[in-house]
Amino acid sequence: MNIENLIRENIKTLKPYSSARDEYKASGSEMVFLDANENPYENGVNRYPDPKQKDVKTALAAIKNCNPASMVLGNGSDEILDLIFRAFCEPKEDNIITLPPTYGMYNVLAGVNDVAVKEVLLTEAFEPNVDEILNAADENSKILFLCSPNNPTGNSFSNEAVEKLLKEFKGIIVIDEAYTDFSSQKSWLNRLEEFPNLVITQTLSKAYGMAGIRLGICYASLTIVDVLNRIKPPYNVNLLTQFKALERISAQEIVQKEIDKIQQNKAELEKALAKINFIEKVYSSDANFILAKVDNADLRYDQLIKKGIVIRNRTTQPLCENCLRFTVGTDTENEKLINALQEIA
Ligand SMILES: *Cc1c(COP(=O)(O)O)cnc(C)c1O
């Protein structure tokens, strides 16, 4: 597959913004930087941040066991997803494929970029409908979004289905692995080199506990990384974010401890939810949230709000009629949730 053919013409010929700093930063700190109209007095943040985020990438690459050159970092994975649209989708001409029920941002970004969406429902088991997806695809289908573990259903997609799509879909496949650190399935990261059209996105917003700093990660072939680097705003990841990310990435034991605790709390919450009389089904989860089918989602949602508990009502999503999504919280939060559910029941 020739990725070059998928890139928009205007992007192929784009001359990226270049700063003098890019070229000379490497030559050392003795350089006098009078190139960027910064205030020269040190306060910790008076200089522009590293546009390639070298230190964060090096630290991440060591943990993820990959090449730092195959990464692009963004202001949350939402920014990365938007960059992918802008690199590959010609407005009013191209389309993307999403698999509802899934993460809402793909459709929002398609709307913002004036790109049509083909929706191919997941099966009743919340798996990709591989044949239907391949049938729905046409020569303008530039991106297929696979969210695995999927939000809001919580399951990971079968490896066979994903692999078949990777081999047969003729556009870019984005595997959104926002919840990979909670998953029993391996990340697709170690298969990256086999598929030039594969883009994997991850984030520090969930398992890493850093939703507030906005750091999204994308891994892809060097051709794709090069395109995304050319179109991204040069200083898209700010200095404070890079600093906090580095700190957290270096504290792996704490991160892992929190993940373990969340998994334990998830198992307990699953059991407790199953005992509530108006909960009809608790779906098994490979993420840090649980989808459950209730008798009347709107009613139960409102009742929980009145008790001061905010969850997500997914009842308007296809295949999610009367489904609520519960994020796994702390011991105390989960206790409050279960008490509230018992009182309502
Ligand atoms: C939460 C979430 C993200 C995270 O996006 P950020 O912009 O990195 O915070 C991405 N994809 C899915 C499916 C999510 O649920």
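Me: What are the bounds of domain 1 and domain 2?
Reply: Domain 1 spans 3-250 and domain 2 spans 253-344; such bounds come from an automatic or database domain assignment. Residues are numbered from 1 along each chain as its sequence is written. The model is predicted, so local features need pLDDT of at least 70 and side-chain atom pairs pLDDT 80 or more, while totals for chains, interfaces and linings use all residues, and side-chain values use heavy atoms, without hydrogens and water.

Me: How many residues of domain 1 and of domain 2 does the contact take?
Reply: The C-alpha centres of the two domains lie 29 Å apart. Contact means heavy atoms within 4.5 Å, and it takes 26 residues from domain 1 and 21 from domain 2. The buried area is about 1800 Å², with 62% from carbon and sulfur atoms; this is the accessible area (1.4 Å probe) that two parts lose on being put together, summed over both.

Me: Why is the meeting of the Glu258 and Arg248 side chains called a salt bridge?
Reply: The term requires a side-chain nitrogen of Lys or Arg within 4 Å of a carboxyl oxygen of Asp or Glu. Glu258 and Arg248 meet at 2.7 Å, N to O, so the pair qualifies. Between domain 1 and domain 2 the count is one salt bridge.

Me: What makes Ser77 one of the residues that surround the ligand?
Reply: A residue is near a molecule if one of its heavy atoms lies within 4 Å of it. The ligand has 13 such residues, and Ser77 and Arg214 are among the closest.

Me: Why does the approach of Arg214 to the ligand count as a polar contact?
Reply: A polar contact is a pair of N or O atoms within 3.5 Å. A side-chain N or O atom of Arg214 is 2.6 Å from a ligand oxygen, so the pair meets that limit. Asp176 does so too, because its side chain has an N or O atom 2.7 Å from a ligand nitrogen.

Key
Polar contact = N/O pair within 3.5 Å; in protein donor to acceptor, adjacent residues only side chain to side chain.
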